[in-house]
Amino acid sequence: MDQFYQNPPTYELLCDKVQQMKNTYPHMRNFSIGKSVLGRKIFALGIGNLKNATLFVAAIHAQEWLTCMLVTHFLEDLCYHEQNQKPLFDTNLTDMFAERGLIVVPMANPDGVEIALNGAASAKHLRRQVGRMLTASTRSWQANARGIDLNHNFNAGFQELKAMERAAGITRPCERQFGGYTPQSEPETRALVHLCLGLNIKKLLAFHSQGEEIYYSYGPNTPKNAKMIADALKASSGYQVMNPTGLASHGGLKDWFINHTHRNGFTIEIGKGENPLPISDLPGIYHKLREMMFISLLI
Ligand SMILES: [Zn+2]
């Protein structure tokens, strides 16, 4: 693994990595799906037939930045094998990518990741407000720069979610679990919604940490084969198939995706331990999930 995988992924390091991958893999597509509250680009990287694409989204929760490294490494793995005409899991990638594609959003919440790694000083003109919201450590920072938890900001069961937040005493912007005053109020949330609808995304995997768990359902629009696919992902990874409870039950990206598109969306909770998971966990997690991520493209 190169330099990018040795350090926590700051926004600057990600920008460098995207540039390096562009130079190395001319088949890889690279575009911005929008900007964060503080004007940082939200990158999307694609390979293969993007009219029939699976979407991987990482680092929507700030301190879960190890997910950014995981999905970037997987995309790079695919690009390397495709470019060098090496099969992966006995699959010819040129044939596979003629038919289907992968889009990766490696860092859906760049402002939040910067706060988690570099503190309130990284939040530009919002540094004072962020400073007031920060508790003793940046380790539990999950939200964007306005203190909105993006994975509670999607338009799926928003009123139920607000009632649960109030019951838990969460009534204003803070480091985690405040979903905002209205659904999809945040530019990062809207960028993901527009990407899913604009490119008619066929399947979603949202990466979080931690727990070694797979979530696959949201309400009556959950596809009938969702549990079967979750079981296949489980068989490959050894992760457990779960049903959400509590504050994680509404407002998430996969919740909105399933409810709105009637297609398969999964939340994958990678690794085990306390967030942020250490970089030393990445090789083991990658080893465990490489085949699972590949299978998710095929089904
Ligand atoms: Zn999360």
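Student: Leaving aside neighbours within four places in sequence, which residues is His61 in contact with?

Tutor: Good place to start, keeping in mind that this is a predicted model. His61 lies in the loop between E3 and H2, and a polar contact of 3.2 Å joins its side chain to that of Gln142. With neighbours within four places set aside, the contacts of His61 are Asn109, Gln142, Asp149, Asn151, His152 and His208.

Student: Is His61 buried or exposed?

Tutor: Buried means a relative accessible area under 20%. His61 has a value of 6%, so His61 counts as buried.

Student: Which atoms coordinate the zinc ion?

Tutor: The donors follow the spacing H-x2-E-x143-H along the chain. Their distances to the zinc ion run from 2.0 to 2.5 Å. The coordinating atoms are His61 (ND1), Glu64 (OE), Glu64 (OE) and His208 (ND1).

Student: How many residues apart in sequence are the parts that His61 and His208 tie together?

Tutor: Let's place each histidine. His61 is in the loop between E3 and H2, whereas His208 belongs to strand E5 (residues 203-209). His208 is buried, with a relative accessible area of 3%. The two histidines therefore tie together parts of the chain whose separation in sequence is 147 residues.

Student: What is the geometry of the zinc site, given its four donor atoms?

Tutor: Four donors count as tetrahedral if all angles lie between 85 and 135 degrees. Here the angles among the four donor atoms span 55 to 144 degrees. The site of the zinc ion is classed as irregular.

Student: Turning to the aromatic rings, why is the pair of Phe56 and Phe74 described as it is?

Tutor: A pair of rings is described by the distance of the centres and the angle of the planes. By the rule applied here, the count comes to eight aromatic pairs. For Phe56 and Phe74, the centres are 5.8 Å apart and the planes meet at 25 degrees, so this pair is stacked.

Student: Where do Phe56 and Phe74 sit, and how many residues apart are they?

Tutor: Both Phe56 and Phe74 are buried. Phe56 is in strand E3 (residues 53-57) and Phe74 in helix H2 (residues 66-83), and the pair links distant parts of the chain, with a separation of 18 residues.

Student: Which residue joins Phe56 and Phe74 in one aromatic cluster?

Tutor: We have just seen that Phe56 and Phe74 are both buried. The aromatic cluster that holds them also takes in Phe207.

Student: At what distance from the ring centre does Lys162 lie over the face of Phe178?

Tutor: There is a charge over a ring elsewhere too: Arg40 lies over the face of Tyr11, at 5.9 Å from the ring centre. For Lys162 over Phe178, the value is 4.0 Å.

Student: Which residues of helix H9 are buried?

Tutor: Helix H9 (residues 253-261) is mostly covered, with seven of its nine residues buried. The cover includes E3, helix H7 (187-198), E5, strand E6 (213-215) and strand E8 (265-270). The buried residues are Leu253, Lys254, Asp255, Trp256, Phe257, Ile258 and Thr261.

Student: Just after H9, which residue takes a positive phi?

Tutor: The phi in question is about 60 degrees. The residue with this value, just after H9, is His262.

Student: The side chain of Glu188 reaches a backbone nitrogen; which residue does that nitrogen belong to?

Tutor: Glu188 is in helix H7 and is buried, with a relative accessible area of 1%. Beyond four places in sequence, Glu188 touches Ser36, Val37, Ile42, Ala108, Asp111, Asn144 and Leu150. At 3.2 Å, the backbone nitrogen reached by the Glu188 side chain is that of Val37.

Student: Which side chain does a polar contact join to that of Ser185?

Tutor: Ser185 is found in the loop between helix H6 (158-167) and H7. Leaving out neighbours within four places, Ser185 is in contact with Arg146, Asn153 and Arg190. The polar contact, at 3.1 Å, joins Ser185 to Asn153.

Student: What distance separates the C-alpha atoms of Met69 and Tyr5?

Tutor: Met69 is in helix H2 and is buried, with a relative accessible area of 0%. Outside the four nearest places in sequence, its contacts are Phe4, Tyr5, Gln6, Asn7, Pro9, Ile279 and Leu282. Although Met69 and Tyr5 are 64 residues apart along the chain, their C-alpha atoms are separated by 6.5 Å.

How values were computed. Residues numbered from 1 in each chain as written. Predicted model: local features only at pLDDT ≥ 70, side-chain atom pairs only at ≥ 80, totals over all residues. Heavy atoms only, no water. Phe/Tyr/Trp six-rings, centres within 6.5 Å; stacked < 30°, edge-to-face > 60°. Helix = DSSP H or I, 4+ residues; strand = E, 2+ residues; numbered from the N terminus. Buried < 20%, exposed > 50% of the residue type's maximum accessible area, 1.4 Å probe, protein only. Lys NZ or Arg CZ within 6 Å of the ring centre and 35° of its normal. Polar contact = N/O pair within 3.5 Å; in protein donor to acceptor, adjacent residues only side chain to side chain. Contact = heavy atoms within 4.5 Å. Donors = N, O, S within 2.8 Å, 3.2 Å for Na, K, Ca; no water. Tetrahedral: all angles 85-135°; square planar, octahedral: opposite > 155°, others 65-115°.
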